[in-house]
Amino acid sequence: MSLLPLREKVAAQQLRRRTFVASTLALAACAPRASSQPPASLPPLRAAAPFPVGTCIQAAQLDDPAYAAFVAAQVSQLTPEWELKMEYVLQADGGYRFDAPDRIAAFAQDHGQRFFGHTLVWYAQKPDAFERLAGEAYRGAFRDAFAAYIAAVVGRYKGRAVAWDVVNEAVAEDGDGWRDSLWSQQLGPLDHMTFAYQLAHAADPAAELFLNDYNLESNPRKRATFLALAESLLKAGAPLTGLGTQTHVAADLAPGAITTALQDLASLGLKVRISEMDVSLARAAGFAALRSDLERSQARLYAEAAQAYDALPRRQQFDFTFWGLEDGKSWLRRENEADAPLLFDDAGRPKPAAAAWERALMER
Ligand code: XIL
């Protein structure tokens, strides 16, 4: 939550606007451009927004000094892209490894950035160390290992991680109920989640604890189930404090869908975050024929997300995180090599989407 008095907030916003206009004008003066093209450089994302702005990152990406400097300049929060998931942390023999997330946490600390923990409980992860304990005979041991894992991971970053995605993607794909998982089978469909929030809270009482999911913009039924789950968790005593919408959307998403989803999520009064935003061109209908139209829609969707998030009550805003900065490093690029879902191109140049995102925040 921003504690700045209103006058300082307004002054900060004016400064952001002036920086944006000045840099855009300076560039326009040197090299006039078509209006659909972004300036060759823009103010950093973090300077354009009144809320924290984040990206996911992999420890190995910090080996490139130029990229590390870019990340330090652009964003004020880092989330390990996969190195805080069980698939990395938990080894076959049950031991833990933290070298990669430790590196990211240290980098964040050195550069005045917040560190966000992703993720503790995810249906998609079925580590051997837990599968071995599945079944009636091991019920107590499974529960103890689950508790020990969350205590160890959250405890290690106590005072360093500002928040955690405690439960990730718990709602069924079609929005009809909750997903079945190793965790739900062994510890109960709602109980394993409630327990996870309680464990995380015990390990770091100051950390914000989120529930995170995707397709909440495109599937209203899934969004309703997600909100009902959050209410059930609160009723069951889970110290849940925030809701994250991943916002992995395709460029043909209907205008207004992001705004509606954010407003719905905010209706519970908890913190709200855009947790993994990217706008896929390749997942949109007609990708091959309509690429330039889709690029324009992409910029519009990023602008809509910025505007709709900015319009939420300040006390509910936590951060706006992109699932990567440069197209070439996106997980979606691994799915389709022609995709270009992020704000910066492969060479780190801002795309029209980046300018549109910043402009939406300046025009308020
Ligand atoms: C993805 C990562 O980007 C990939 O590197 C990894 O191989 C698979 O997971 N929802 C989530 C993220 O919550 O953890 C996923 O990240 C993207 C979808």
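A polar contact is taken here as a pair of N or O atoms within 3.5 Å. With that cut-off in hand, the ligand site of this predicted model can be read contact by contact. In the side chain of Trp323, a polar atom lies 3.0 Å from an oxygen atom of the ligand. An oxygen atom of the ligand is also found 2.8 Å from an N or O atom in the side chain of Glu276. On the side of Gln246, the partner is a nitrogen atom of the ligand, 3.2 Å from an N or O atom of that side chain. On its own, the ligand has 410 Å² of accessible area, and the protein covers 81% of it. Two elements, strand 3 (114-122) and helix 13 (331-335), give two or more residues each to the shell around the ligand.

The full list of surrounding residues helps to fill in the picture. Glu81, Lys85, His118, Trp122, Asn168 and Glu169 are among the residues around the ligand, as are Gln246, His248, Glu276, Trp323, Trp331 and Arg334. By character, the shell divides into five charged, four polar and three nonpolar residues.

Turning to helix packing, two helices that pack together are described by the angle between their axes and the distance between those axes. Helix 10 (residues 220-235) packs with helix 11 (residues 257-266) at an angle of about 15°, and the axes are 10 Å apart. Angles under 35 degrees count as roughly parallel, and helix 10 and helix 11 are therefore roughly parallel to each other. As for handedness, the crossing in which helix 10 passes helix 11 is right-handed.

Technical notes:
Residues are numbered from 1 along each chain as its sequence is written. This is a predicted model: local features need pLDDT of at least 70, side-chain atom pairs count only at pLDDT 80 or more; totals for chains, interfaces and linings use all residues. Side-chain values use heavy atoms; hydrogens and water are left out. A residue is near a molecule or strand if one of its heavy atoms lies within 4 Å of it. A polar contact is a pair of N or O atoms within 3.5 Å; within protein, one must be able to donate a hydrogen and the other to accept it, and residues adjacent in sequence count only if both atoms are side-chain atoms. Accessible areas come from the Shrake-Rupley method with a 1.4 Å probe; for residues, only the protein chains shown count as cover. Helices (H or I, at least four residues) and strands (E, at least two) are DSSP runs, numbered from the N terminus. Ala, Val, Leu, Ile, Met, Phe, Trp, Tyr, Cys and Pro count as nonpolar, Asp, Glu, Lys and Arg as charged, and the others, Gly among them, as polar. Axes are lines fitted to C-alpha atoms, for helices over the stretch in contact, and angles run from 0 to 180 degrees between N-to-C directions. Angles under 35 degrees count as roughly parallel, over 145 as roughly antiparallel, 65 to 115 as roughly perpendicular and the rest as oblique. A crossing is left-handed if the near helix is turned anticlockwise from the far one by less than a right angle, and right-handed if clockwise.
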